[in-house]
Amino acid sequence: GAFIDNLYDSLELTASIFPALLPLINIDDYERPVMALMGRLVDSSLLVPAAYETYLPKFLLEAKQDLKKQMIREKSRAIEKLKKEEDAEIESRYDREEDDFGNNKLSLYATLVLPFREQSPQVAPILQGLLQSSDKKLKYNTTVLLLRNKLSVPDTLLTYFASRDEFRSRLYDDLTQMGQTDKFPLRYKTQQLHAQSKLVAYKTYGRPDTLVFL
């Protein structure tokens, strides 16, 4: 049932009993909820990697399989988009600007395997594959994960997300929480650009046709 959801209320207490809950990961009905809770604990530095190291081979294998599936989906999506453009079937900008949905499962795997990046040579290719994804949301979540763990990311990535209305304000907010606002590209650090980003990021429908500064 929902008892696992209630364990998020006090992560400090949950961390003390989590090793006893970990075997539930071997039961299909509990695998995803337990992994999600584990990811939150790891991300909050409340669970040491050694506590779940025996599951690393499983996570690495599944992460590589899911990454391969993600790449296939992205390639198919790109081919379909190209075909539509060639067939002149696109009638408006709303058809052209499809939202990226990210991949929560892959982002979770990245969180769980990241602490083992120096022990396992299989971790780096997975992270690199996520950073090269054409899914902007997945790429952004991976970038923030690396920054949160004090790891370097290419400046081109930060510039890319700062230049995009749908990510600019979110990036600045995330960097603020991490105490890393010095990494935010200065050319995009203006009130007008941030206001524009807020409007686009919190839209309740398709991308606005026009934004006018008054």
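Is K150 buried or exposed? I would like to start from that one residue, and then widen the view to the rest of the chain, keeping in mind throughout that what we have on the screen is a predicted model. K150 is exposed, because its relative accessible area is 63% and the cut-off for that class is over 50%. As for its place, K150 is found in the loop between α8 and α9, and its backbone deserves a second look, since phi of K150 is near 60 degrees, a positive value in a residue other than glycine. As general background, most residues other than glycine have a negative phi.

There is another residue to set beside K150, and that is S45, which is not a glycine and has a positive phi of about 60 degrees. S45 sits in the loop between α3 and α4, and with 66% relative accessibility it counts as exposed.

Let me now step back to the whole chain. The chain has 11 helices and zero strands, so if you read along the sequence you meet one α after another, in the pattern α-α-α-α-α-α-α-α-α-α-α. The C-alpha trace spans about 55 × 40 × 35 Å along its principal axes. Of the 214 residues in the chain, 38% are buried, while the surface that the chain exposes comes to about 13000 Å², with carbon and sulfur atoms supplying 53% of it. If we take the contacts in the chain with a separation of 6 or more, residues 24 or more positions apart account for 66% of them.

With that frame in place, we can return to the helices on either side of the loop that holds K150, namely α8 and α9. How do these two helices pack? In general, two packed helices are described by the angle between their axes and the distance between the axes. For α8 and α9 the angle is about 125 degrees and the axes are 11 Å apart, and the two helices are therefore oblique to each other. Their crossing is left-handed. On the α8 side the contact is made by K136, K139, Y140, T143 and L147, and on the α9 side by L157, L158, Y160 and F161. Sorted by class, this contact has six nonpolar, one polar and two charged residues.

A second pair of helices can be described in the same terms, and it involves α2, residues 11–21, and α3, residues 28–43. The axes of α2 and α3 come within 11 Å and cross at roughly 130 degrees, and these helices are therefore oblique to each other. α2 passes α3 in a left-handed crossing. From α2 the residues L11, T14, A15, F18 and L21 take part in the contact, and from α3 the residues V34, L37, M38, R40 and L41. The residues of this contact divide into eight nonpolar, one polar and one charged.

While we are on α2, I would point out P19, which is found in that helix and which, at 49% relative accessibility, counts as partly exposed. Its C-alpha atom is separated by 37 Å from that of K183, which is 164 residues apart from P19 along the chain.

Let me turn next to helix α7, which covers residues 123–131, and ask which of its residues are buried. They are V123, I126, L127, G129, L130 and L131. The elements that cover these buried residues include α4, α6, α8 and α9.

One residue of α4 lets us see part of this arrangement in detail, and that is L67, whose place is in that helix. L67 is buried, with a relative accessible area of 11%. Leaving aside residues up to four places away in sequence, L67 touches L106, P125, I126, G129 and L130, and I126, G129 and L130 are among the buried residues of α7 that I have just listed. L67 and L145 are 78 residues apart in sequence, and from C-alpha to C-alpha they are 17 Å apart in space.

I will finish with S120, which lies in the loop between α6 and α7. Although the loop residues K150 and S45 are exposed, S120 is buried, with a relative accessible area of 8%. Not counting residues up to four places away in sequence, S120 touches L56 and L60.

Conventions. Residues are numbered from 1 along each chain as its sequence is written. This is a predicted model: local features need pLDDT of at least 70, side-chain atom pairs count only at pLDDT 80 or more; totals for chains, interfaces and linings use all residues. Side-chain values use heavy atoms; hydrogens and water are left out. Axes are lines fitted to C-alpha atoms, for helices over the stretch in contact, and angles run from 0 to 180 degrees between N-to-C directions. Helices (H or I, at least four residues) and strands (E, at least two) are DSSP runs, numbered from the N terminus. Angles under 35 degrees count as roughly parallel, over 145 as roughly antiparallel, 65 to 115 as roughly perpendicular and the rest as oblique. A crossing is left-handed if the near helix is turned anticlockwise from the far one by less than a right angle, and right-handed if clockwise. Contact means heavy atoms within 4.5 Å. Ala, Val, Leu, Ile, Met, Phe, Trp, Tyr, Cys and Pro count as nonpolar, Asp, Glu, Lys and Arg as charged, and the others, Gly among them, as polar. Buried means under 20% relative accessible area, exposed over 50%, partly exposed in between (1.4 Å probe, protein chains only). Accessible areas come from the Shrake-Rupley method with a 1.4 Å probe; for residues, only the protein chains shown count as cover.
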